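Okay, everyone, grab a seat and let me put the model up on the screen. I'd like to walk through a few spots and see how they fit together.

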Amino acid sequence: STHKDAPYMTDGRATSDGMAGLVGFRQLGLSFLLAHLAEAKSGCLEDAPVARETGALPLLVYSHGFGGNMDMATYFLRAIAST
């Protein structure tokens with residue numbers, strides 16, 4: 001493929017540290033437990049073309065809610081989009 005693998009975290013370690021803070025890991029000195037997410041791949045491709053042979057496609061709208069971030073449901077939305 002000529003497309004680059006999309007990362008799981010858009011801002012790498014800054015995002016994984018932020019998530020650690022949301023779940024209380026940073027406060028306990030355990031941010032390292034989510035550090036691996038900074039380098040994780042999402043299983044998606046950046047700027048991949050839309051598969052047009054399937055006809056009309058649904059529109060997925062997702063809101064992470066207050067205190068969340070856009071990376072929190074990457075795997076969930078990937079699964080929904082692939083079905």
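**Salt bridges, a core and a few odd corners**

Let's start with Lys 4, which is exposed, because its relative accessibility is 57%. Before I go on, keep in mind that this is a predicted model. So what does Lys 4 meet in a salt bridge? The partner is the side chain of Glu 46, at 3.7 Å from N to O. That pair ties together distant parts of the chain: Lys 4 sits in the segment before strand E1 (5–7), Glu 46 sits in the loop between E2 and H2, and they are 42 residues apart. Glu 46 is partly exposed, with a relative accessible area of 29%.

How many salt bridges does the structure hold? Two. The other bridge joins the side chains of Asp 17 and Arg 13, at 2.9 Å from N to O. This one stays inside helix H1, where Asp 17 and Arg 13 are four residues apart, about one turn of the helix. Here's the bit of background that helps: an α-helix has 3.6 residues a turn, so residues three or four places apart point the same way. As for exposure, Asp 17 counts as partly exposed at 24% relative accessibility, and Arg 13 is partly exposed too, with a relative accessible area of 42%.

While we're on Glu 46, look at Asp 47. Asp 47 is also in the loop between E2 and helix H2 (74–82). Its phi is near 55°, which is a positive value in a residue other than glycine. Is Asp 47 buried or exposed? Exposed, with a relative accessible area of 71%.

Staying in that loop for a second, Leu 57 is found there as well. Setting aside residues up to four places away in sequence, Leu 57 touches Val 50 and Ala 51. From Leu 57 to Ala 81 you count 24 residues in sequence, and their C-alpha atoms are 9.5 Å apart in space.

Now back to helix H1, residues 13–22. Which residues of H1 are buried? Thr 15, Ser 16, Met 19, Ala 20 and Gly 21. Two of these names, Met 19 and Ala 20, turn up again in the largest nonpolar core, a set of seven residues along with Tyr 8, Met 9, Leu 34, Leu 37 and Ala 40. As a general point, in soluble globular proteins, nonpolar side chains tend to be buried together. Leu 34 is a nice one to click on: leaving out neighbours within four places in sequence, Leu 34 is in contact with Ser 16, Met 19, Ala 20, Val 23 and Phe 25.

At the end of H1 you reach Leu 22. Leu 22 counts as partly exposed, because its relative accessibility is 49%. Together with Val 23, Tyr 62 and Met 72, Leu 22 forms a nonpolar patch on the surface, with about 380 Å² of accessible area between the four. And after H1 comes Gly 24, whose phi is positive, near 90°.

Next, the loop between H1 and E2. Ser 31 is in that loop, and at 14% relative accessibility it counts as buried. Not counting neighbours within four places in sequence, Ser 31 is in contact with Asp 17, Ala 20, Phe 25 and Arg 26. So Asp 17, which meets Arg 13 in a salt bridge, is one of the contacts of Ser 31. Leu 30 is found in the loop too, and it is partly exposed, with a relative accessible area of 27%. Leu 30 and Cys 44 are 14 residues apart along the chain, and their C-alpha atoms are separated by 28 Å.

Last stop is Ser 42, in strand E2 (residues 41–45). Why do we call Ser 42 buried? Because its relative accessible area is 2%, and the cut-off for buried is under 20%. What does the side chain of Ser 42 reach at 3.1 Å? The backbone nitrogen of Cys 44. A polar atom of the Ser 42 side chain also lies 2.9 Å from the backbone oxygen of Ala 6. Away from its close sequence neighbours, within four places, Ser 42 is in contact with Ala 6, Pro 7, Tyr 8, Thr 74, Tyr 75 and Arg 78. Of those, Tyr 8 is one of the residues in the largest nonpolar core.

That's my tour, so over to you for questions.

Key
Residues numbered from 1 in each chain as written. Predicted model: local features only at pLDDT ≥ 70, side-chain atom pairs only at ≥ 80, totals over all residues. Heavy atoms only, no water. Patch = residues over 30% accessible without salt bridge, like charges linked within 9 Å, V, L, I, M, F, W, Y side chains within 5 Å. Areas by Shrake-Rupley, 256 points an atom, 1.4 Å probe, with all protein chains shown as cover. Helix = DSSP H or I, 4+ residues; strand = E, 2+ residues; numbered from the N terminus. Buried < 20%, exposed > 50% of the residue type's maximum accessible area, 1.4 Å probe, protein only. Polar contact = N/O pair within 3.5 Å; in protein donor to acceptor, adjacent residues only side chain to side chain. Contact = heavy atoms within 4.5 Å. Core = buried A, V, L, I, M, F, W, Y, C linked by side-chain atoms within 4.5 Å.
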